[in-house]
Amino acid sequence: MSMDFRCRKACAVLLGQALMASIAVQAAIAQQEAPLQEPAASNASMDAATPNLAVPPAADGSEVLPVPATTREGALEDRIRQLETMVKTLSGQVQQLKPAGGNGGAGNGNGNGGTGEGPGPNPGSGDTGSAANLATPSASGGAAAPGQSPPPNPSPSARFNSPTTLQNVPGKVKFGPGFEIKSNDDEYFFQFHNLSQFDYRGYLQGGQDPTHDTFAIPRQWFMFSGRITRPYGYFVSLQNGLDTVLLLDAFLDIDYDPRLQIRIGRYKTPFTYEFYVEPVQGLISPERSLFFNNFGLNRDDGIMAHGRILNSQVDYAVAIQNGTRNGFLDQNDAKDVAALVNWRPFNGEENTLLENLNIGGSVVAGNQNNVPLPQTLRTAIATTGNQIIGVPFLNFNNNVRESGDRALWDLHAAWYYKQLALIGEWGSGFQDYAKVGNLANRTHLPIDSFYVQAGYFLTGETRSSVGIVKPLHPFDLRPGQFGLGAWELTTRYNHLELGSQVFSAGLADPNLWANRVEMVDVGLNWSLTQYVKVYLDWQHSEFNNPVLFAPGRRQSTSDMLMARFQLFF
C-alpha cells in the first residue's frame, strides 16, 4: 500500500472522529441553552445518556484523562475541554502523517498555492498536487511555458526571484466585448475577439482576367488582447486575408497616463482618419478609399507615442517605424515618421449640433528603396490583396523601384449628428520612383486624392462616431421579440489621380493603364444585431484611359456588385 494512500486513509479516519466530536459539541451547547421544560436530571442519568466519545491519545503518547464532573453545567464544561483537547491532538496526528515535501498542495497560508511558498494575491488557495507535478512548466510560469524549455530544476522557490513561482489570481468570466477573463481586482484581463467577413463580388463587365466573379473571405481575424497589471496591455491578432495567413498585429502598450502612452511592436500606423480611427468592422462602405488602399502604410513595426489631451478634445499619435507598406522588415536603414491629430472642438457640449465634429490631419515621411508595394493599383482591395479581387487600373513596370523620398499628408473632417454621418478626407503628396540600372535618376511623382462619404440610419439609430451599431430592434422573428434590425443608406464619391510623370518617365504603359479614377459607391447596410452585419454595395468606376481587363481587351468603366456577411464579437 503506498504512503499516499495510507495518509489519505488515516486523514479520513481522523476527520470522521473530528466530525463526531463537532456534532457532540453542538448538541451539548444546544442542550445547555434550551429552556428547562422538566426537572433537571441527575448527574448519573446525564452521563448514561451521553455518548462515550473516544479520546485519541495525545501526540506525545500520554493518555488524555477526562475531568470528573459533579453538576450538569460542570459536566458540559468538562466535555467541551475534552473536545478541545481532541482537536489539538487530531491536528498533531494529521501533521505527523503528512509526507515530506508535501507543501505543494494548499500552501502554507502565506503563499500562492502552486508551490505553497512566497507571497501571493490569494494566500493558501493554490493548485493541489505532488512535488513532481508542481515542477511542470505550467506551474513555474515565466520562460518555461509549455512547448518551450523543460521544467526548471530545481523547482521555482520563493528563495529566488527567477524562475518565478506561479501566481494564483482569482477571476471572473463574461461575454462582451468578446470573451473576457478578468481578475477580481481588475488588474489582469484577457479578451478574445473574432472578425469573419464573407464576400461575393461580381462584375457587370464579364470575361475579365485575372479578375473574376468570386466568393471570397477578405478577412478572418483572431484577436487576443489583455492587460498584465494595469500599466501593461497587449494585443495580438492573426489574419487569413483572401489567400494570405500572417501576423496582423503584435504590440505592447505601456499606459501609466492616458495623456501619454507608448506602443511597441506591430500596429496600425497613424495615417489617415479612415484607417487609424475607424475600425474595419464598423466601416460605412465595405472597403476603404482608393488613396489608402493603394498608398496608405497599413500595419508597420516601430514605436509609437499616443494619447488624449486637453479635456479629451485632442487625440494624437506619433510613430517611428520601418516604412514598408504592411511589411515586417525594413528595406533600408532609414526610418519613416508618421503622425496624426484629431480634434473634437465641441466635445462635451452634449445635444448640440456640433458635439461630434472631428477635424484634423496626418502625415507620413521617409526614404524608400524597394519594389513598388503594391505593384498593381486596384479599385477595391487593400495593399496585399489578391489579383483576382479588385479591378487593376495601373501596373508599374517590372524595372521600377520606389527609390528616394516619400511624403504624404491627409486632412480630414467627420461630423456625426443623430442618424447622419458625413466624412471627408483629402490626401496628397509625392513618392519618388526610379528604374533599375539608373536609380540616381528619380521621378518625383505627385499623388492627389479625396473622398466624401455619407451614411444615414433609416431605423432611427444615432451615432457619435464610426463603429459597431446596436440596433434599436435587433432582427428577430419570434413572437413578442419581433424586430428588423438597423438599416443604413450609404454613398461615397472617390477620386484618385497620379501625375502624368508616371507615363512620361516610363514608370507604366499609357497604352494599357489609367492615372485617374473616379469611383462612386451606393449601398445599403443591414445590422441584424450588434454582432451580425450585411453590406450590399454597388461600385461604379471610371478611368481616364481604357484599362486592360483581359488579354487584348480594355474597358473605360467597371461595375462591381458586392454582398458581404460579417460576424464580429
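Biologist: Happy to look at this one with you! Does F569 count as buried or exposed, and at what relative accessibility?

Modeller: Keep in mind that this is a predicted model. The cut-off for buried is under 20% relative accessible area. F569 therefore falls in the buried class, with a relative accessibility of 19%.

Biologist: Thanks! Which kind of aromatic pair do F175 and F569 form?

Modeller: The ring centres of F175 and F569 are 6.2 Å apart, and the planes make an angle of 45 degrees. Planes under 30 degrees apart would be stacked and those over 60 edge-to-face. Because 45 degrees fits neither class, the pair is tilted.

Biologist: How many residues apart are F175 and F569 along the chain?

Modeller: F175 belongs to strand β1 (residues 171–175). F569 is in the segment after β20 (553–568). The pair links distant parts of the chain, and the separation is 394 residues.

Biologist: Lovely. Now, what kind of pair do Y232 and Y256 make?

Modeller: Y232 is in strand β5 and Y256 in strand β6. Their ring centres lie 6.1 Å apart, with 85 degrees between the planes. An angle over 60 counts as edge-to-face, so this pair is edge-to-face.

Biologist: Is Y256 buried or exposed?

Modeller: Its partner Y232 is partly exposed, at 33% relative accessible area. For Y256 the value is 61%. Exposed means over 50%, so Y256 is exposed.

Biologist: One more, please: which ring does R266 lie over?

Modeller: There are two charge-over-ring cases to mention here. K268 lies over the face of F275, 4.9 Å from the ring centre. R266, at 3.9 Å from the ring centre, lies over the face of F328.

Conventions:
Residues numbered from 1 in each chain as written. Predicted model: local features only at pLDDT ≥ 70, side-chain atom pairs only at ≥ 80, totals over all residues. Heavy atoms only, no water. Phe/Tyr/Trp six-rings, centres within 6.5 Å; stacked < 30°, edge-to-face > 60°. Helix = DSSP H or I, 4+ residues; strand = E, 2+ residues; numbered from the N terminus. Buried < 20%, exposed > 50% of the residue type's maximum accessible area, 1.4 Å probe, protein only. Lys NZ or Arg CZ within 6 Å of the ring centre and 35° of its normal.
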